[in-house]
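This report goes through one protein chain step by step, from its pockets to its helices and their contacts. Please keep the sequence and the structure in view while reading.

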Amino acid sequence: MGIVSFALQMYVYVLLLYVIFSWVPNPPDALRPFVLGVARLVEPLAMPLRRVIPPLRLGVVALDLSIIVLFIGVQLLLSVTRSLGL
């Protein structure tokens, strides 16, 4: 596995952590810096997508589709980089 593929795979894990942390409204104080660090890695890529893709309203809950699109995009890039051996 190349360095680019490794970095993209780690970003997939960061995205998964972001989703899990979004389910916890008030994380414990000990985890708060980690949660903020994960958000700082995801938000710069998610914000432009949110401007184009509005959340899907499901009653009182809103599903953030931008994270799903970002996840699919990173997975596609990961597939390409692995096939190229990067």
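## The largest pocket

A pocket, as the word is used here, is an open set of grid points with protein on both sides within 12 Å along at least five of seven lines. The structure shown is a predicted model, and its largest pocket has a volume of about 220 Å³.

Which residues line this pocket? The lining is made up of Y18, V19, S22, W23, V61, A62, L63, D64, I67 and I68. Helix α1, strand β2 (61-63) and helix α3 (65-84) each contribute at least two residues to that lining, and by kind the lining residues divide into 8 nonpolar, 1 polar and 1 charged.

## The chain as a whole

The protein chain holds 3 helices and 2 strands, and read from the N terminus its elements follow the order α-α-β-β-α. Its C-alpha trace spans about 45 × 35 × 15 Å along the principal axes.

The chain has 86 residues, of which 24% count as buried. If one takes the contacts between residues at least 6 apart in sequence, 61% of them join residues that are at least 24 apart.

## Helix α1 and its buried residues

Helix α1 covers residues 3-22. At 1.5 Å a residue, its 20 residues should span 28 Å, and because the C-alpha atoms at its ends are 28 Å apart, the expected and the computed values agree.

The buried residues of this helix are S5, L8, Q9, Y11, V12, V14, L15, Y18 and F21, and they pack against α2 and α3. Of these, Y18 also belongs to the lining of the largest pocket.

## S5 and the end of helix α3

Is S5 buried or exposed? Its relative accessibility is 2%, and since buried means under 20%, S5 counts as buried. Apart from neighbours within four places in sequence, S5 is in contact with L78, T81, R82 and L86.

L84, a residue of helix α3, has a relative accessible area of 60% and is therefore exposed. Although L84 and S5 are 79 residues apart along the chain, a separation of 9.7 Å is found between their C-alpha atoms.

## Where helix α1 meets helix α2

How many aromatic pairs does the count give? It comes to 1 aromatic pair. The rings in question are those of F21 and F34, whose centres are 5.8 Å apart and whose planes stand at 85°, so the pair is edge-to-face. Because F21 lies in helix α1 and F34 in helix α2 (residues 32-52), this pair ties together parts that are 13 residues apart in sequence. F21 is buried, with a relative accessible area of 17%, whereas F34 is partly exposed, with a relative accessible area of 44%.

L41 also has its place in helix α2, and with a relative accessible area of 48% it is partly exposed. When residues up to four places away in sequence are not counted, L41 touches Y11 and V14, both of which are among the buried residues of α1. The C-alpha atoms of L41 and V14 are separated by 7.8 Å, while along the chain these two residues are 27 residues apart.

Key:
Residues numbered from 1 in each chain as written. Predicted model: local features only at pLDDT ≥ 70, side-chain atom pairs only at ≥ 80, totals over all residues. Heavy atoms only, no water. Helix = DSSP H or I, 4+ residues; strand = E, 2+ residues; numbered from the N terminus. Buried < 20%, exposed > 50% of the residue type's maximum accessible area, 1.4 Å probe, protein only. Contact = heavy atoms within 4.5 Å. Phe/Tyr/Trp six-rings, centres within 6.5 Å; stacked < 30°, edge-to-face > 60°. 1 Å grid on protein atoms, 1.4 Å probe; cavity = no way out; pocket = protein on both sides within 12 Å on 5 of 7 lines; lining within 4 Å. Points joined across faces, edges and corners; volume = space filled by probe spheres on them. Nonpolar A, V, L, I, M, F, W, Y, C, P; charged D, E, K, R; others polar. Expected span 1.5 Å × (residues − 1).
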